[in-house]
Structure formats: structure tokens, C-alpha cells
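Work through the exercises below with the sequence and the model at hand. Each task is followed by a solution in steps.

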Amino acid sequence: DKGKEDGSDIKSASRTFKVTISPSDKPVISSIPAQTTKKNQDTDIITFSVFDAQTPVAQLSVTATSDNTVLAPVANVQFAPVTGGERQMIIRPAQNQSGAANITLTVKDSDNNTASTTFKLTVLGESPTISAITTPQEVQKGGTVGPIAFAIGDAETFPGFLTISKKSSNPVFVPDSVIVIGGSGANRTVTVGPVASAEGQSTVTITVQDSEGLTNSVSFVVTT
């Protein structure tokens, strides 16, 4: 309303309305399967992808955290140079450490929106050790071999918690049941017999396994 010609008596009106600004979408980061490596050995190259509807993928930042920095320090999580949405990384476990850690990767876009993914890193220790046994071991019908002394050890598992198994390559001549493991701790023995057959030969294998499932074996021949 312009009012009168002299500019007086001007009327006005107003209207109020609501403007809603929707937040931008969060970025996306792909899942990563569990990773396994050995003590003092880098992981294989780990590949993952990131995406965002508003931010160019090359501008998305990715950071890492670890819930076990003694095993996997954050500084040892190394990302390859950014070339796009496909990313690569390598993790170097701390020197002489084994165990497990949960690694979390977080991607952030230009609006500071974030998304994360977590995977388990397992670092296996060294395989257990077992001393050699002289071969061949001769036995007569109805006789026994041993007890033969041998030693076991492991860098991460106490000797008393190491598991020992035995196997005969010829169970007709030497059944597994007549292979008897004795001793305790690091100092063990094996006795084979009595052997019923008059003639024969078998390779007896003794295997030691640690708490991580790593194994080592020694074999010897029992013959008449």
C-alpha cells in the first residue's frame, strides 16, 4: 500500500516462515576384515574405500586409533599417499610384541561429519621350539625305546602350557597308544613300546603347540 500521494497513511504487512537447513550426509568408509601378521613383521597392504556425497573423495581425511598402543602404536599405522576414494595402509607392530589390538579408522568430510570402522589386528609370536631326537632308534620285538629326553620352549607361552601330540606313520608296527610322553615343564621324554611286531619301521613325529596355535615338530625313526 503506497498510502496517500503525500506519503502518509502507508500500511504494511509481514509474514513469518521457517527455513530448515538439512545437515549434509555423513561420509562412508568400507569395513576391513581382521588382519593377522607375525612378530616384527608388517601387515600386508590393507585396502579400504571412502566416499562422501558433498566432499571430493581426495579431500576426505582418515585417521587411526589403537586400543593397544603397546602392540600397535598409532605412529606405526602408515597410510599411502591419497589418490582418490581407494585407500591403502600398512601397520607395523611394535618391536618384539605380540597379541591383539582393535584398530579404528575414522573418515571426516569438509563439514566435520565422521564415520568409523574397526577391525582386529592379531600379531602372532614366535613358533615354539623342540630339540632334535637321534634317529634311527632300534628296537627288538616286545621291547621299548627310551625314555628319550627332549626339550621344548616358547617365547610367549610357559613350557607347562605347551601342548604335545604324537603320531606314528605305521600304526600297525607302532600304534600311537604306545608312544608315551613324560616329564614336565621344558624337560620332556618320549617312550615307544612295547613293539609287538618282529619287523617293521615307523616314523614317530612329536609336535609341540603354543597358546597361539603355532607349532613345531621333530621326527625320528623306530626300526627293528
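**Exercise 1.** Does Asp 176 count as buried, partly exposed or exposed, and at what relative accessibility?

Solution. The model is a predicted one. Asp 176 has a relative accessibility of 25%. Buried requires under 20% and exposed requires over 50%. Asp 176 therefore counts as partly exposed.

Next, take the salt-bridge partner of Asp 176, which is Lys 167. The closest N and O atoms of Lys 167 and Asp 176 are 3.6 Å apart, and the cut-off is 4 Å. Lys 167 counts as exposed, at 52% relative accessibility.

**Exercise 2.** Find the salt bridge between Glu 156 and Lys 39 and state which parts of the chain the pair ties together.

Solution. A search of the whole structure gives 4 salt bridges. In one of them the side chains of Glu 156 and Lys 39 meet, at 2.6 Å from N to O. Glu 156 sits in the loop between strand S11 (145–153) and S12, and Lys 39 in the loop between strand S2 (35–38) and S3, so the pair ties together parts 117 residues apart in sequence.

Now compare burial. Lys 39 is buried, with a relative accessible area of 17%, while Glu 156 is partly exposed at 31%. Finally, add Glu 126: Lys 39, Glu 126 and Glu 156 are linked in a network of salt bridges.

**Exercise 3.** Locate the partners in the salt bridge of Arg 92 and Asp 42, and classify the exposure of Arg 92 and of Asp 42.

Solution. The closest N and O atoms of Arg 92 and Asp 42 are 2.8 Å apart. Arg 92 lies in the loop between strand S6 (86–91) and S7, and Asp 42 in the loop between S2 and S3; the two residues are 50 residues apart. Arg 92 is partly exposed, with a relative accessible area of 49%. Asp 42 is also partly exposed, at 28%.

**Exercise 4.** Asp 109 is buried; which side chain of opposite charge is nearest, and how far away is it?

Solution. Start with the position: Asp 109 lies in the loop between S7 and strand S8 (114–124). The nearest side chain of opposite charge is Lys 108, 8.3 Å away, and Asp 109 has no salt bridge. Then look for polar contacts. The side chain of Asp 109 reaches the backbone nitrogen of Asp 111 at 2.9 Å. A polar atom of the Asp 109 side chain also lies 2.8 Å from the backbone nitrogen of Asn 113.

**Exercise 5.** How many aromatic pairs does a search of the whole structure find?

Solution. The search finds 1 aromatic pair. Phe 48 and Phe 79 form this pair, with 6.4 Å from centre to centre and 75° between the planes. An angle over 60 degrees counts as edge-to-face, and the pair is accordingly edge-to-face. Phe 48 belongs to strand S3 (residues 46–51) and Phe 79 to strand S5 (residues 77–79), 31 residues apart. Phe 48 is buried at 2% relative accessible area, whereas Phe 79 is partly exposed at 32%.

**Exercise 6.** In what order do the 4 strands of the open sheet lie?

Solution. The order is S10-S16-S15-S12, with mixed pairing. The edge strands, S10 (137–138) and S12 (163–168), each pair on one side only. Strands S15 (residues 201–209) and S16 (residues 215–223) run antiparallel and are joined by 9 bridges. As a check, Val 208 has Asn 216 in S16 as its bridge partner.

Methods: Residues are numbered from 1 along each chain as its sequence is written. This is a predicted model: local features need pLDDT of at least 70, side-chain atom pairs count only at pLDDT 80 or more; totals for chains, interfaces and linings use all residues. Side-chain values use heavy atoms; hydrogens and water are left out. Two strands pair if DSSP finds at least two bridges between them. Buried means under 20% relative accessible area, exposed over 50%, partly exposed in between (1.4 Å probe, protein chains only). Lys and Arg count as positive and Asp and Glu as negative; His and the chain ends are not counted. A polar contact is a pair of N or O atoms within 3.5 Å; within protein, one must be able to donate a hydrogen and the other to accept it, and residues adjacent in sequence count only if both atoms are side-chain atoms. Rings of Phe, Tyr and Trp (its six-membered ring) pair if their centres lie within 6.5 Å; planes under 30 degrees apart count as stacked, over 60 as edge-to-face and the rest as tilted.
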